[in-house]
Amino acid sequence: MTQINKQVIMKTRPVGMPTLKNFEIIESSIPELKHGEVLIKILWLSLDPYMRGRMSTAKSYAASINEGDVIIGGAVGKIINSNTEQYKEGDIVEGFTLGWQEYAIATPASIRKIDPNLAPIQTAVGVLGMPGMTAFFGLLHIGKPIPGDTVVVSAASGAVGQLVGQIAKIAGCYVVGIAGGKEKCSFITETLNFDAAIDYKNENINKKLAEYCPEGINVYFDNVGGKITDAVINQLANYARVAVCGVISQYNLTKPEPGLRTHRSMLTNQATTEGFLVFQFAQKYHIAIKRIAKWIKEEKIIYKEDVIEGLENAPDAFIGLMNGKNFGKLLIKVSE
Ligand SMILES: NC(=O)c1ccc[n+]([C@@H]2O[C@H](COP(=O)([O-])OP(=O)(O)OC[C@H]3O[C@@H](n4cnc5c(N)ncnc54)[C@H](OP(=O)(O)O)[C@@H]3O)[C@@H](O)[C@H]2O)c1
């Protein structure tokens, strides 16, 4: 029986902020499985800001997709047919390139088996997956917080940011989150126990940073770049560490945004800034997964998901991610 696969393709390359016109939903038939391949039914699709980079031709750490290609994306699914001894029908797996589609063909090298007893399976693309690994290693290896440090994190209610702040609290730090809107700010202080929150859409960031961080900022975990980063860098403490994780405020610009000169602050504070890609820590993911899963079980870590039903809603949800509509880790529930 030929199965039909619903897929979301990039119809046209976005210029600036993506629109629904850049996407198309198509149906295709699933090819015959070759030796060494598995067929996966996608259950959960992860939507992440890096996908905007894949839709662009700008130089990056990974190849762009072309018009007509299925959009690249991490997903969790169930093996429904296997032509390899490494996986059997019913196994739950996660893969970073399974894509925006209902079914994916993969090889064992591109997927990993998920233990459904560890946590709900969709966490394999969330708190126990790529965003979780980013928060854990980016904060601890690049930010190097020590107890008593003041840690500031931007996009603080998002997939990465919410975990960064909570791990910094576990590490004994004073934590300030920057997020868009009252609701997100209340969530990070009241539910996640951050010490303070700054609503960058409605408050003066410079003033609020000075109020909450009177002795300067020791660690800045930067998810956004742009004006927020300019403000934070100008209030660094001596020997501060800036972990450059993402620059979402810049992903949809068609020309570079003029910014403040920040080197004076870097120099006078003898600060360090270091960009990182989570993949450099791949050999150590298993350590972080165990540690975070334990924190979740001990209720030391809370994770918030924003779940949208139906693959056909992925384009709209992705555009929302670029506009701050998501509240927590953005997931598409593709199938039961
Ligand atoms: N280096 C790595 O290996 C790595 C790995 C994963 C993710 N990242 C990066 O980490 C960052 C966070 O990713 P995530 O998955 O956790 O996404 P997310 O925070 O769950 O969602 C993105 C959030 O960014 C904020 N945002 C959007 N446009 C903004 C703007 N112009 N200025 C300020 N904030 C804006 C919005 O929150 P507000 O409503 O608060 O504005 C939005 O909800 C992204 O930059 C991503 O590219 C890097």
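**Reading a ligand site, cysteines and salt bridges**

Guide: In this predicted model, 28 residues surround the ligand, and those that come nearest are Val160, Lys184, Tyr200, Tyr251 and Asn326.

Visitor: Which atoms of Val160 and Tyr251 lie by an oxygen atom of the ligand?

Guide: For Val160, a backbone N or O atom lies 2.8 Å from a ligand oxygen. For Tyr251, an N or O atom of the side chain is 2.7 Å from an oxygen atom of the ligand. Val278 also takes part, with a polar backbone atom 2.8 Å from a ligand oxygen.

Visitor: How much of the ligand's accessible area does the protein cover?

Guide: On its own the ligand has 920 Å² of accessible area, and the protein covers 91% of it. Helix H2 (130-143), helix H3 (159-170) and helix H9 (314-322) are the elements that give two or more residues to the surrounding shell. By residue type, the shell divides into 18 nonpolar, nine polar and one charged.

Visitor: How many disulfides does the structure hold?

Guide: A disulfide is a covalent bond that joins the sulfur atoms of two cysteines. This structure holds zero disulfides. For Cys185, the nearest cysteine sulfur is that of Cys213, 14 Å away.

Visitor: Why is Cys213 not bonded to the closest cysteine sulfur?

Guide: The closest cysteine sulfur to that of Cys213 belongs to Cys173, and the distance of 12 Å is too far for a bond. Cys213 is buried, at 3% relative accessible area, and Cys185 is likewise buried, at 8%.

Visitor: How should salt bridges be read, and how many are there?

Guide: Side chains of opposite charge can pair when their charged atoms come close. The count here comes to 11 salt bridges. One of them joins Lys6 and Glu312, whose closest N and O atoms are 3.5 Å apart. Lys6 is in strand S1 (residues 4-10) and Glu312 in the loop between strand S14 (305-309) and H9, so the pair links distant parts of the chain, 306 residues apart. Lys6 is partly exposed at 22% relative accessible area, and Glu312 is partly exposed at 39%.

Visitor: Are the partners Asp149 and Arg241 buried or exposed?

Guide: Asp149 is buried at 6%, and Arg241 counts as buried at 16%. Their side chains meet in a salt bridge at 2.8 Å, N to O.

Visitor: Which residues do shared salt-bridge partners join into one network?

Guide: Lys88, Asp91 and Lys113 are joined in this way. Within the network, the closest N and O atoms of Asp91 and Lys88 are 3.1 Å apart. Asp91 counts as buried at 6% relative accessibility, whereas Lys88 counts as exposed at 52%.

Methods. Residues numbered from 1 in each chain as written. Predicted model: local features only at pLDDT ≥ 70, side-chain atom pairs only at ≥ 80, totals over all residues. Heavy atoms only, no water. Near = heavy atom within 4 Å. Polar contact = N/O pair within 3.5 Å; in protein donor to acceptor, adjacent residues only side chain to side chain. Areas by Shrake-Rupley, 256 points an atom, 1.4 Å probe, with all protein chains shown as cover. Helix = DSSP H or I, 4+ residues; strand = E, 2+ residues; numbered from the N terminus. Nonpolar A, V, L, I, M, F, W, Y, C, P; charged D, E, K, R; others polar. Disulfide = S-S within 2.5 Å. Buried < 20%, exposed > 50% of the residue type's maximum accessible area, 1.4 Å probe, protein only. Salt bridge = Lys/Arg side-chain N within 4 Å of Asp/Glu carboxyl O.
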